[in-house]
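I opened a notebook page for a structure I had not looked at before. My plan was to start with the overall layout and then go through single residues.

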Amino acid sequence: MKHDLAAMNSLDIYLSNLTNEEYDKIKHKIGTRKSKSMPLLSWDIYRDGYHKRMTEAKKRIELETVLSFAKEFNWQNDLEIAFSENDYEALIITDKNQNIIWVNDGFTSMTGYSKSFALNKTPGFLQGEKTSSSSKARIKSKIELNKPFKEVIVNHRKDNSIYKCEVKIIPLYYKETTHFIALEKKVV
């Protein structure tokens, strides 16, 4: 069986090097193989690994960006732990008045809004008629407590379609809170 497989592979290589005219002369001498076609798994494995490496690289770059903000503003938070313990798609950094100073590419993918559009706005622009007033009130009161928290909220994309979003908000501080970071992911 092993010899047959090697012979078939050699035949495949030989045939692939023939011109059309050469192949036409010998094709009647070649028996057809009765074999099942196999899916091309190696490309699937490569693609999955590539996607994973690209996602990890993006997250490292995002962490480095957030750490550069931390250095600039002297935040005392251990942001590396926050990143390792929380899954997210979108990142938003706001000042203490909740004006957006930075978002990642995942924010644009999730919401449809560009980074430049989001800057200097509050995250409230993502809320709309399907956003419950009770979830807005809970978020507001939890922000005032100045402690990390998670909340689920219904937001609106640029095209006005809705999505449910789990938001983890962490106050960022140097002596007192100076900024907030929101780690967001869509939920079903």
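The entries below follow the order in which I looked things up.

**Entry 1, overall layout.** I noted at the start that this is a predicted model. I counted seven helices and five strands in the protein chain. Reading along the sequence, I wrote down the pattern α-α-α-α-β-β-α-α-α-β-β-β. The chain has 188 residues, and 30% of them count as buried. I looked up the accessible surface, which comes to about 13,100 Å², with 54% of that belonging to carbon and sulfur atoms. Of the contacts between residues at least 6 apart in sequence, 41% join residues at least 24 apart.

**Entry 2, a nonpolar patch.** I found a nonpolar surface patch of about 320 Å² made by Tyr46, Tyr50 and Met54. Met54 sits in helix α3, which covers residues 41–73. I listed Met54 as partly exposed because its relative accessibility is 42%.

**Entry 3, Lys168.** I placed Lys168 in strand β4, residues 162–174. Which residues does Lys168 contact, leaving aside neighbours within four places in sequence? I recorded Asn86, Pro148, Phe149, Lys150, Ile181, Ala182 and Leu183. For Leu183 I also took the distance from Lys168: 5.1 Å from C-alpha to C-alpha, with their positions 15 residues apart in sequence.

**Entry 4, salt bridges.** I noted as background that side chains of opposite charge can pair when their charged atoms come close. The count here is six salt bridges.

I looked at Asp87 and Lys59, whose closest N and O atoms are 3.9 Å apart. Asp87 is in the loop between α4 (79–85) and β1 (90–95) and Lys59 is in helix α3, so this pair ties together parts 28 residues apart in sequence. Asp87 counts as exposed at 52% relative accessibility, whereas Lys59 is partly exposed at 26%.

Next I took Glu89 and Lys186, a salt bridge with its closest N and O atoms 4.0 Å apart. Glu89 is in the loop between α4 and β1 and Lys186 is in strand β5 (residues 176–187), so far along the chain that the pair links distant parts, 97 residues apart. Glu89 is partly exposed at 33%, and Lys186 is partly exposed at 38%.

Last came Lys142 and Glu151, with 2.9 Å between the closest N and O atoms of their salt bridge. Is Glu151 buried or exposed? I found it buried, at 9% relative accessibility, while Lys142 is partly exposed at 25%. Salt bridges with shared partners join Arg138, Lys142 and Glu151 into one network.

How values were computed
Residues are numbered from 1 along each chain as its sequence is written. This is a predicted model: local features need pLDDT of at least 70, side-chain atom pairs count only at pLDDT 80 or more; totals for chains, interfaces and linings use all residues. Side-chain values use heavy atoms; hydrogens and water are left out. Helices (H or I, at least four residues) and strands (E, at least two) are DSSP runs, numbered from the N terminus. Buried means under 20% relative accessible area, exposed over 50%, partly exposed in between (1.4 Å probe, protein chains only). Contact means heavy atoms within 4.5 Å. Accessible areas come from the Shrake-Rupley method with a 1.4 Å probe; for residues, only the protein chains shown count as cover. Patches are made of residues with over 30% relative accessible area and no salt bridge: like charges are joined within 9 Å, nonpolar side chains (Val, Leu, Ile, Met, Phe, Trp, Tyr) within 5 Å. A salt bridge is a side-chain nitrogen of Lys or Arg within 4 Å of a carboxyl oxygen of Asp or Glu.
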